[in-house]
Amino acid sequence: MALTIGSGGIVTQSGTVATAQTDYGSLISITSFTSSGTYYVPNNCTTVLVQIVGGGGGSAGYCESGGAGGFAEGVFSVSPGAAISVTVGGGGAATTSGSDSILSALPAGTVTAKGGGSGDASTGLAGGSSG
């Protein structure tokens, strides 16, 4: 996932530019989750960039791969010390969809990246979506 920080703001992988009247300040930390948990907003942090991916769908076993997990991102205002719940979506087993990745307890609400659809010889497959 590409991220560029420049004088014009923060540019995300999808091309979204986050700007503000005031400087965002310096980068405090980068946190990556490979399993579910809680993210605690660091001291002196008032803005976070969130990028999440849903779990990929499982294959059908007949050359039909599962769909990719959805992708969601956004820039959110937060309070130092706040706890943000992180649910990491898992990949689907054979012929089952991947599960959703979810960030909740953000001041702006919940961010979800849907799990990808399973491979299925009769119905095809679908990639996940952002929510």
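Author: A residue is called exposed when its relative accessible area is over 50%, buried when that area is under 20%, and partly exposed in between. The model discussed here is predicted.

Reader: Why is Asn-44 called exposed?

Author: The relative accessibility of Asn-44 is 72%. The cut-off for exposed is over 50%, so Asn-44 counts as exposed. Asn-44 belongs to the loop between β4 (37–40) and β5 (47–53).

Reader: What makes the phi of Asn-44 noteworthy?

Author: Asn-44 is not a glycine, yet its phi is positive, at about 65°. Most residues other than glycine have a negative phi. Thr-95 is likewise not a glycine and has a positive phi, of about 60°. Thr-95 sits in the loop between β7 and β8.

Reader: Why is Thr-95 called partly exposed?

Author: Thr-95 has a relative accessible area of 48%. Partly exposed covers values between the limits of 20% and 50%, and therefore Thr-95 is placed in that class.

Reader: Why is the contact of Lys-114 and Asp-100 called a salt bridge?

Author: The distance between the two side chains, N to O, is 3.0 Å. The rule asks for a side-chain nitrogen of Lys or Arg within 4 Å of a carboxyl oxygen of Asp or Glu, so the pair qualifies as a salt bridge. By this rule the count comes to one salt bridge.

Reader: What does this pair tie together?

Author: Lys-114 lies in the segment after β9 (109–113), and Asp-100 in the loop between β7 (83–87) and β8 (101–106), so the pair ties together parts that are 14 residues apart in sequence. Lys-114 is partly exposed at 35% relative accessibility, and Asp-100 is partly exposed at 23%.

Reader: How do you know that β7 and β8 pair?

Author: Pairing requires at least two bridges between the strands. β7 and β8 have three bridges, in the antiparallel sense, and therefore count as paired. Ser-85 has Ser-104 in β8 as its bridge partner. β7 also pairs with β4 in the antiparallel sense, over four bridges, and Tyr-40 has Ala-83 in β7 as its bridge partner.

Reader: Which side chains of β7 are buried, and which are not?

Author: The side chains alternate along β7. Ile-84 and Val-86 point to one face and are buried, whereas Ala-83, Ser-85 and Thr-87 point to the other and are not. The relative accessibility of Ser-85 is 30%; buried requires under 20% and exposed over 50%, so Ser-85 is partly exposed.

Definitions and conventions: Residues numbered from 1 in each chain as written. Predicted model: local features only at pLDDT ≥ 70, side-chain atom pairs only at ≥ 80, totals over all residues. Heavy atoms only, no water. Helix = DSSP H or I, 4+ residues; strand = E, 2+ residues; numbered from the N terminus. Buried < 20%, exposed > 50% of the residue type's maximum accessible area, 1.4 Å probe, protein only.
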